[in-house]
Amino acid sequence: MKGAELVIKLLEQKGVEHIFGYPGGAIMPIYDALYQSKVKHYLCRHEQGGAFSAIGYARSSGKVGVCMATSGPGATNLITSLADALLDSVPLVAITGQVSQAVMGTDAFQEVDVLGLSLAVTKHSFMVTDVTELEHTLNEAFTLAMSGRPGPVLVDIPKDVQLAEVQFKPRLVEDTATAQQEFLPAAALEQARLLIQNAKRPIAYIGGGVHMADAVAQLQDFLANSPMPSVTTLKAMGTVPPSNAYYLGMLGMHGTQAANHAVQQCDLLICLGARFDDRVTGKLAAFAPDAKVIHIDIDPAELHKLRRAECAMIGDLRELLPAMSVPTHCEDWLKHCLVMKQQHGWRYDHPGERIFAPLMLKQLSERLPDNSVVCCDVGQHQMWVAQHMSFSHPRNHLSSGGLGTMGFGLPAAIGAQLARPKDTVVTVSGDGSFMMNVQELGTIKRFRLPVKIVIVDNQRLGMVKQWQELFFNERYSETDLSDNPDFVSLAAAFAIPGHSISRKDEVLPALEAMFTWPGPYLLHVRIDETDNVWPLVPPGAANQDMLTEKAQ
Amino acid sequence: MSNHVLTIQTKNQPVVLERLLQVTRYRGFEVAGMEMKPMADFSGLLVTLSIVSDKPISLLTNQLNKLYDIEFLDCVESELTQAEAGSMRA
């Protein structure tokens with residue numbers, strides 16, 4: 001068979017059911033092999049959208065996402081999505097066509113050095129120069145994408161390799177890797193247990209690494225057996241159930257006041273699969289200033305990178321969390337955190353008739369069927385979703401965390417809907433973000449995907465405008481989007497019905513109409529341009545120095 | 001400012017030098033010297049990097065050790081020569 005056929009056969013053999021992509025000249029042999037294949041290809045309307053769909057697929061399912069693009073512009077259009085997957089540790093395999101090796105390096109049509117471009121945005125990247133290496137390389141790509149700290153892997157395949165003849169014998173049984181016995185770090189675990197037992201104010205700081213290690217159950221057991229307050233990063237929302245009384249919410253720049261104050265006051269910070277990101281820590285030197293740190297991660301490079309840990313462990317959280325569990329002695333601290341949680345609870349008694357986005361999102365959250373997936377874009381609405389919606393599992397909340405990529409939400413929702421066809425999938429977007437990958441409405445139309453789209457529209461690039469208001473003397477440079485299109489008409493052009501609302505009393509009936517409609521639906525929610533996200537830790541400030549609405 | 005010599009054995013891949021240099025630059029370390037030669041059986045490359053930085057060298061070696069193409073990495077602290085120190089300040 002030809003190399004191109006081997007690519008598809010290998011995807012079939014690996015159990016890949018869905019891939020996302022866009023064809024072009026240098027990848028035509030692979031698309032030809034795909035024709036009538038068991039692998040279902042979803043034609044997106046832009047390669048970036050296709051890769052974000054693969055990311056949404058991976059994040060909502062725990063499987064590897066796969067996307068394809070042609071050489072040159074097809075491959076360069078993948079770059080942002082690869083960077084997004086790298087910073088959020090998403091297992092993704094991107095396959096790109098490349099011009100034939102005979103013309104490589106001659107500035108041939110649609111030739112660009114994809115391997116060179118990929119260095120900074122992938123966990124690893126391969127170029128296959130000999131068809132006999134193709135099978136091994138693709139297998140390595142899948143293994144690498146999922147192993148250790150997951151991430152994106154790119155495989156660039158020149159056209160002559162796709163067309164070359166090669167032997168391929170499909171394996172009847174998948175290789176099953178023997179689980180290696182992991183030796184637990186006994187001394188470090190003993191040190192961790194002592195730190196936990198002796199702590200008067202311990203707190204668990206939980207990151208996306210917990211659910212990526214498939215350790216959500218172990219984490220919940222740990223918190224039950226070693227009671228302590230917990231906070232999560234944006235990526236870890238849903239790891240601790242909202243019913244846990246000592247869960248204080250998200251920490252960081254737009255975290256809850258209770259979460260930030262508790263972390264600043266703690267004497268032991270147990271960092272689990274998180275990385276002391278600057279949006280979490282605020283002023284790093286003043287972050288949890290009195291705390292000793294236990295840091296556990298699968299990636300050795302994260303330990304001591306930004307904060308020295310008294311006790312650092314590399315390993316599998318599924319093994320380490322049970323081994324670290326000991327009774328805590330912090331009753332007064334638990335009571336104190338409960339009081340802070342009550343004192344700083346959200347308020348939804350916003351005056352007037354106009355829609356208050358936090359309340360609308362709380363109502364949306366309460367109306368969602370169980371196990372729904374919520375995809376976000378980036379900006380004010382993203383932070384409001386994190387603050388005011390509840391999640392039962394981190395795979396139900398897809399948000400571009402590390403890279404903060406506008407345009408993520410709509411294509412990610414497409415991937416999530418395909419990965420979980422029985423679950424409701426909602427994308428909450430802003431008017432700025434939505435327009436960045438709006439072309440994917442065409443993909444929703446083509447595949448009749450019942451994605452629900454909520455656009456929170458303040459006719460501004462709201463988060464940038466908020467910073468201009470607070471930190472740039474109200475000089476609103478290039479953040480006015482008051483010439484937005486009519487979003488309901490735009491959706492109608494793709495045969496997607498919609499409705500526009502601007503008053504509080506319209507919210508519940510509109511949500512009901514959206515969720516009872518059997519197909520895709522767009523709900524356009526007008527909000528006031530003056531609404532801001534609170535609290536906010538100003539840049540360079542310590543996390544206890546949050547700005548609140550009342551203080552303005 | 002400290003000076004370290006990294007001795008690195010890599011797979012014999014054309015892109016491996018770019019990877020090493022890209023990670024070194026991105027993580028905020030400066031290359032004061034570099035040598036590369038293929039191993040005797042051409043199965044891999046031996047690369048020696050002289051690195052100057054005011055950051056802990058582990059912040060770089062931990063990142064380099066994650067690279068798929070790296071098979072062995074050894075790090076030794078060394079004296080910063082007058083010439084190297086001058087060239088780094090230039």
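Modeller: Let's start with A:S89, which sits in the loop between helix 5 (79–87) and strand 4 of chain A. Keep in mind that this is a predicted model.

Colleague: Okay. Why is A:S89 called buried?

Modeller: Count the C-beta atoms around the residue. A:S89 has 24 other C-beta atoms within 10 Å. The cut-off for buried is 20 or more, so A:S89 counts as buried.

Colleague: What makes the phi of A:S89 stand out?

Modeller: Its sign. A:S89 has a positive phi, about 55 degrees, and A:S89 is not a glycine. Most residues other than glycine have a negative phi.

Colleague: Where else does that turn up?

Modeller: Try A:N371, in the loop between helix 16 (357–367) and strand 13 (373–376) of chain A. A:N371 isn't a glycine, and its phi is positive, about 60 degrees.

Colleague: Why does A:N371 count as partly exposed?

Modeller: Here the count is 14 C-beta neighbours inside 10 Å. Buried needs 20 or more, exposed needs 12 or fewer, and partly exposed is in between. So 14 puts A:N371 in the partly exposed class.

Colleague: And which residue with a positive phi follows helix 1 of chain A?

Modeller: That's A:G15, with a phi near 80 degrees.

Colleague: How do you know that the bond between A:W534 and A:P535 is cis?

Modeller: From omega, which is about -10 degrees for the peptide bond joining A:W534 and A:P535. Most peptide bonds are trans. You'll find A:P535 in the segment after strand 18 (521–526) of chain A.

Colleague: Now a glycine. What makes A:G65 buried?

Modeller: A:G65 lies in strand 3 of chain A. The count for A:G65 is 31 other C-beta atoms within 10 Å. Set that against the cut-off of 20 or more, and A:G65 is therefore buried.

Colleague: Which residues are in contact with A:G65, if you skip its neighbours within four places in sequence?

Modeller: Among them are A:A54, A:I55, A:V90, A:L92 and A:G415. Contact means C-beta atoms within 7 Å. As for A:G148, that residue is 83 residues away from A:G65 along the chain, and their C-alpha atoms are separated by 16 Å.

Colleague: Let's go back to helix 1 of chain A. Which of its residues are buried?

Modeller: A:G3, A:A4, A:L6, A:V7, A:I8, A:L10 and A:L11. Their cover includes strand 1 (18–21), helix 2 (28–34), strand 3 (65–69), strand 4 (92–98), helix 7 and helix 8 (159–163) of chain A.

Colleague: How do helix 1 and helix 7 of chain A pack?

Modeller: Helix 1 (residues 3–13) and helix 7 (residues 134–146) of chain A have axes 10 Å apart, at an angle of about 35 degrees. The crossing of helix 1 of chain A past helix 7 of chain A is right-handed.

Colleague: Which residues make that contact?

Modeller: Helix 1 of chain A brings A:G3, A:L6, A:V7 and A:L10, while helix 7 of chain A brings A:L134, A:E135 and A:L138. By class, this contact has five nonpolar residues, one polar and one charged.

Colleague: Why is chain A called as compact as a globular protein of its length?

Modeller: Compare two values. The radius of gyration of chain A is 24 Å, and the globule rule gives 24 Å for 552 residues; the two are close, so chain A is as compact as a globular protein of that length. Chain A has 23 helices and 18 strands, and 53% of its residues count as buried. Its C-alpha trace spans about 70 × 60 × 45 Å along the principal axes.

Colleague: Which domains does the assignment give for chain A?

Modeller: Domain 1 (3–163), domain 2 (186–343) and domain 3 (357–536). The centres of domain 1 and domain 2 of chain A are 37 Å apart. Five residues from domain 1 of chain A and five residues from domain 2 of chain A take part in their contact.

Colleague: Last one: how many residues does each chain give to the contact of chain A with chain B?

Modeller: Ten come from chain B and nine from chain A. Helix 1 of chain B supplies the largest share of the chain B side, with four residues. That side has four nonpolar, three polar and three charged residues.

Notes: Residues are numbered from 1 along each chain as its sequence is written. Chains are lettered from A and ligands numbered from 1 in the order in which they are written. This is a predicted model: local features need pLDDT of at least 70, side-chain atom pairs count only at pLDDT 80 or more; totals for chains, interfaces and linings use all residues. Domain bounds come from an automatic or database domain assignment. Two residues are in contact if their C-beta atoms, placed from the backbone, lie within 7 Å. Axes are lines fitted to C-alpha atoms, for helices over the stretch in contact, and angles run from 0 to 180 degrees between N-to-C directions. Helices (H or I, at least four residues) and strands (E, at least two) are DSSP runs, numbered from the N terminus. A crossing is left-handed if the near helix is turned anticlockwise from the far one by less than a right angle, and right-handed if clockwise. Ala, Val, Leu, Ile, Met, Phe, Trp, Tyr, Cys and Pro count as nonpolar, Asp, Glu, Lys and Arg as charged, and the others, Gly among them, as polar. The radius of gyration is taken over C-alpha atoms; the globule rule is 2.2 Å times the number of residues to the power 0.38.
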